[in-house]
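Here is a short walk through one protein bound up with DNA in a single model. Keep the structure in view as you read.

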Amino acid sequence: MYWLMKSEPNVFSIEDLRKYTLTPWDGVRNYQARNYMRDQMKIGDLAFFYHSNANPSGITGIAKVIREGYPDHTAFDPENVHYDPKSDLKKPAWFMVDVEFVKVARSLITLERLKKIPELKDMLLLRHGRLSVQPVTLQQWQIILKLPEWE
DNA sequence: GCCAACGTTGGC
DNA sequence: GCCAACGTTGGC
């Protein structure tokens with residue numbers, strides 16, 4: 001499957017992703033996003049890396065899933081900002097995947113630009129803006145990959 | 001910094 | 001199980 005994963009660049013940017021051989025996608029505390037990571041993301045799946053809360057916001061690169069859903073340990077640690085007392089080792093509430101850097105776009109594919117492409121009008125990104133991990137259809141993936149911003 | 005959209009919590 | 005209050009996301 002194909003995906004879109006959001007990150008605020010002032011917290012974790014595509015350049016941070018590029019720096020590490022492995023990035024645990026921790027801290028997601030939304031059930032729908034959790035379910036995608038726990039149940040549906042598979043090794044080798046590709047995801048658009050989206051910069052949110054940026055100016056401008058948009059797709060900036062591609063990441064690859066290299067480990068499938070496993071418990072997000074940051075939920076167990078009271079010192080961690082993502083701590084959640086509802087989650088523990090015996091019955092973890094939150095899950096994450098590991099991803100790695102694949103590529104960065106030559107220039108940002110802005111949200112404004114995506115909105116102008118009629119074939120993308122049903123993209124979850126444009127309909128349910130707040131979901132931080134979301135599926136992308138094959139058709140949407142291909143349309144976006146053909147944009148000149150990648151070269 | 002504002003605020004609309006939307007997810008979560010908790011009283012009843 | 002409803003729904004008001006509240007919190008968060010994220011574009012602008």
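The paragraphs below go from the sheet to the cores, then to single residues and the DNA.

Bear in mind that this is a predicted model.

Start with the sheet. Six strands form it, and the sheet is open. Their order is E2-E5-E4-E3-E1-E6. The pairing is mixed. As background, strands of a sheet pair through backbone hydrogen bonds, either parallel or antiparallel. Which strands stand at the edges? They are E2, residues 23–24, and E6. Each has a single partner strand, so one side of each is left without a neighbour in the sheet.

Look next at the E6 edge. E1 and E6 pair in the antiparallel sense, over four bridges. Two of the partners in E6 can be named. Trp3 has Pro135 as its bridge partner there. Met5 has Val133. Strand E6 covers residues 133–136. Val133 and Pro135 point one way from the strand. Gln134 and Val136 point the other way. All of these residues are buried.

Now turn to the nonpolar interior. In soluble globular proteins, nonpolar side chains tend to be buried together. Here the largest nonpolar core has 19 residues. Trp25, Met41, Val97 and Val99 have the most contacts inside it. Several elements each supply at least two residues of this core. The strands are E1 (2–7), E3 (46–51), E4 (58–71) and E5 (95–110). The helices are H1 (14–19) and H2 (31–40). Which element gives the largest share? Helix H2 does, with three residues. A second, separate core has 18 residues. Among them are Leu4, Tyr50, Ala105 and Ile109.

Val99 deserves a closer look. Which residues does Val99 touch, not counting those up to four places away in sequence? Met5, Leu17, Leu22, Thr23 and Trp25 are on the list. So are Ala63, Lys64, Val65 and Ile66.

Three single residues come next. Glu68 is found in strand E4. Its relative accessible area is 31%, so Glu68 counts as partly exposed. The side chain of Glu68 reaches the backbone nitrogen of Ile43 at 2.9 Å. Leaving aside neighbours within four places in sequence, Glu68 is in contact with Met41, Lys42, Ile43, Met96 and Val97. Met41 and Val97 also appear among the residues with the most contacts inside the largest core. Pro148 is 80 residues from Glu68 along the chain, and their C-alpha atoms are separated by 31 Å.

Thr110 is found in strand E5. Is Thr110 buried or exposed? Thr110 is buried, because its relative accessible area is 18% and the limit for buried is under 20%. Beyond its neighbours within four places in sequence, Thr110 is in contact with Pro56, Ser57 and Gly58.

Pro78 is found in the loop between E4 and E5. This residue is exposed, with a relative accessible area of 55%. Pro78 and Leu125 are 47 residues apart in sequence. From C-alpha to C-alpha, they are 32 Å apart in space.

Finally, move to the DNA, strand by strand. What surrounds DNA strand B? Tyr31, Lys86, Arg127 and Arg130 do. Of the atoms of DNA strand B that come within 4 Å of the protein, sugar and phosphate account for 58%. The protein surface near DNA strand B divides into one nonpolar residue, no polar and three charged.

DNA strand C is surrounded by Lys6, Tyr50, Ser52, Asn53, Ser57, Leu111, Lys115, Gly129 and Arg130. Sugar and phosphate account for 67% of the atoms of DNA strand C that come within 4 Å of the protein. The residues near DNA strand C divide into two nonpolar, four polar and three charged. Some names here have come up before. Tyr50 is included in the second core. Ser57 is in contact with Thr110. Arg130 is also listed around DNA strand B.

Which atoms meet phosphate oxygens of DNA strand C? Asn53 places a backbone N or O atom 3.0 Å from one. Lys115 has a polar side-chain atom at 2.9 Å from a phosphate oxygen of this strand. Arg130 has a polar backbone atom 2.8 Å from a phosphate oxygen of DNA strand C.

Terms used
Residues numbered from 1 in each chain as written. Chains lettered and ligands numbered in written order. Predicted model: local features only at pLDDT ≥ 70, side-chain atom pairs only at ≥ 80, totals over all residues. Heavy atoms only, no water. Near = heavy atom within 4 Å. Nonpolar A, V, L, I, M, F, W, Y, C, P; charged D, E, K, R; others polar. Core = buried A, V, L, I, M, F, W, Y, C linked by side-chain atoms within 4.5 Å. Buried < 20%, exposed > 50% of the residue type's maximum accessible area, 1.4 Å probe, protein only. Contact = heavy atoms within 4.5 Å. Polar contact = N/O pair within 3.5 Å; in protein donor to acceptor, adjacent residues only side chain to side chain. Pairing = 2+ DSSP bridges.
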